[in-house]
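Colleague: I should like to learn how to read the main features of a model of this kind. May we go through them in turn?

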Amino acid sequence: MKKLTLPLSKEQILSLRAGDCVELSGVIYTARDCAHRRFMECLERGEPLPFDPKGAFLYFAGPCPAPEGKACGSCGPTTSARMNAFAPTILKLGLGGFIGKGEMSMETRAALRECGAVYFAAIGGAGAFYGDHVEEMTLVAYPDLMSEAVYRMKVKDFPLVVAHDAHGGTVYE
Amino acid sequence: MRIIDTQEISDAVYRMAKRAGLNLTESCRAALKKAADKETGAAKFALDTILENETIARRETMPVCQDTGMAVVLMELGQDVHLVGMPLSEAVDDGVRRAYRGFRKSICDPLTRENTGDNTPAHLHVEIVSGESVKLTFLPKGFGSENMSRLFMLTPAEGRAGIIDAIVTTVKEAGSRPCPPVYVGVGIGGCFDSCAYLAKKALTREVGVFHPRDDVAAIEREALEKINALGIGPQGFRGETTALGVSCEVAPTHIAGLPVAVNIQCHCIRCEKETL
């Protein structure tokens with residue numbers, strides 16, 4: 001099991017191969033369907049995104065409310081394929097990559113390769129596991145979206161599988 | 001005749017929703033354990049994480065999956081029961097509202113996408129049956145898997161082979177997206193809408209239990225074998241376990257048709273039952 005700490009250097013990203021199992025720690029940002037639509041509206045208006053995209057990792061997820069004494073509630077990944085429509089545009093802003101579940105499109109995979117970015121699969125349905133590994137969580141934008149809002153999360157040892165690597169490799173074939 | 005206050009139904013819905021959010025069904029857990037013994041590599045890693053997740057969920061009192069779902073309530077209402085108190089659908093929603101305070105609220109307007117804020121309305125389905133009891137089933141339905149579900153209006157000529165092909169094709173096209181290993185609910189017969197309901201109802205059967213009709217059970221076994229031969233595997237990481245089971249429900253249909261509905265459930269099977 002490879003241990004990785006964010007931010008990742010280009011060399012670190014390029015060294016990852018589809019099928020590698022890793023434990024990732026550091027700061028990530030949540031965003032799912034509605035947040036992505038708002039990101040696109042931001043870009044159309046020529047405004048900056050509510051987080052610095054350089055080297056950032058987006059986690060396709062919407063958490064449960066945090067129980068008493070915890071930073072975050074259950075928070076596993078959602079289906080990444082729904083974000084295909086936005087992924088190439090977002091990647092071109094310099095993202096390190098994505099965390100989600102399930103295969104992404106050929107267009108997204110091509111963009112990952114062009115941008116030297118990586119897509120990690122978290123284990124879908126393991127919400128309590130991931131939520132329990134979130135050490136800090138703060139709201140960044142769009143509170144009206146509730147669980148779909150953008151949150152900054154400091155995570156510890158997230159178990160992930162390199163699903164689409166920066167060389168066109170994939171774990172799904 | 002028996003009088004039941006709908007407050008009792010509301011309280012039962014509340015209890016079932018709370019339990020369902022925090023626990024997998026026994027048969028689901030057993031099937032996942034069996035699958036974990038068979039897999040290797042990333043697929044094994046996925047199943048081990050899923051099993052450890054349930055231990056953490058119980059220890060920390062956290063929902064097993066953050067998608068605590070759309071609240072699906074199936075009710076068998078005895079016709080000798082007289083309900084008093086708040087209207088039935090309001091009572092069910094009230095139970096859901098209270099239970100979901102600690103869960104994710106996932107229900108929104110389909111066009112504006114504005115969240116209803118309390119996970120209501122529930123999807124309530126009532127069947128009137130004989131007797132004076134009320135049987136309730138609570139199924140929190142996640143949408144990663146619901147999105148991959150399909151309805152086929154087959155012709156009678158397509159028959160048994162067409163049914164199996166519809167089931168296997170649905171799972172194949174869903175691929176890694178619905179959180180495999182999946183549980184596959186299938187409705188065969190009825191009409192456009194009742195067929196889809198049968199598929200949902202099929203998901204409330206315990207994993208590993210086959211249909212009492214031999215010809216239907218044979219379809220379940222053959223479809224399961226073909227699905228697992230696809231090699232999609234846990235989370236799509238390739239492997240032997242793409243589905244934990246196939247469960248079919250049948251109903252008479254029209255001489256001109258053969259509706260088949262395939263409702264996909266992820267590996268996180270949560271289903272609670274109570275009888276009042």
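**Domains, sheet and chain contact**

Modeller: This is a predicted model. The domain assignment of chain B gives domain 1 (2-21 + 64-141) and domain 2 (143-274).

Colleague: How far apart do the C-alpha centres of domain 1 of chain B and domain 2 of chain B lie?

Modeller: The two C-alpha centres in chain B are separated by 24 Å. Where the domains meet, 17 residues of domain 1 of chain B are in contact with 14 residues of domain 2 of chain B.

Colleague: Which elements of chain B each supply at least two residues of the side of domain 1 that touches domain 2?

Modeller: They are α1 (6-22), β2 and β5 of chain B. The largest share, six residues, comes from β5(B). Sorted by class, this side of domain 1 of chain B has 11 nonpolar, three polar and three charged residues.

Colleague: Strand β5 of chain B also belongs to a sheet. In what order do the strands of that sheet lie?

Modeller: The open sheet of chain B has four strands in the order β4-β2-β5-β10, with mixed pairing. Its edge strands, β4 (123-129) and β10 (272-275) of chain B, each pair on one side only. On average, neighbouring strands of this sheet are turned by 15 degrees against each other, direction ignored.

Colleague: How many bridges join strand β2 to strand β5 of chain B?

Modeller: Eight bridges join β2 (residues 70-78) to β5 (residues 134-141) of chain B, and these two strands run antiparallel. As one case, Val72(B) has Leu139(B) in β5(B) as its bridge partner.

Colleague: How does the radius of gyration of chain B agree with that of a compact globule?

Modeller: One sets the value for the chain beside the value expected for its length. A compact globule of 276 residues would have a radius of gyration near 19 Å, and chain B, with 19 Å, therefore agrees with it. Buried residues make up 51% of the 276 residues in chain B. Of the contacts in chain B with a separation of 6 or more, 82% join residues 24 or more positions apart.

Colleague: What does each chain bring to the contact between chain A and chain B?

Modeller: Chain A brings 34 residues and chain B brings 34 residues. On the side of chain A that touches chain B, α5 (127-132) and β7 (150-164) of chain A are the elements that give two or more residues. The largest share, five residues, comes from α5(A). By class, this side of chain A has 18 nonpolar, 13 polar and three charged residues.

Terms used
Residues are numbered from 1 along each chain as its sequence is written. Chains are lettered from A and ligands numbered from 1 in the order in which they are written. This is a predicted model: local features need pLDDT of at least 70, side-chain atom pairs count only at pLDDT 80 or more; totals for chains, interfaces and linings use all residues. Two strands pair if DSSP finds at least two bridges between them. Axes are lines fitted to C-alpha atoms, for helices over the stretch in contact, and angles run from 0 to 180 degrees between N-to-C directions. Two residues are in contact if their C-beta atoms, placed from the backbone, lie within 7 Å. Ala, Val, Leu, Ile, Met, Phe, Trp, Tyr, Cys and Pro count as nonpolar, Asp, Glu, Lys and Arg as charged, and the others, Gly among them, as polar. The radius of gyration is taken over C-alpha atoms; the globule rule is 2.2 Å times the number of residues to the power 0.38. A residue is buried if 20 or more other C-beta atoms lie within 10 Å of its own, exposed if 12 or fewer, and partly exposed in between; C-beta atoms are placed from the backbone. Domain bounds come from an automatic or database domain assignment.
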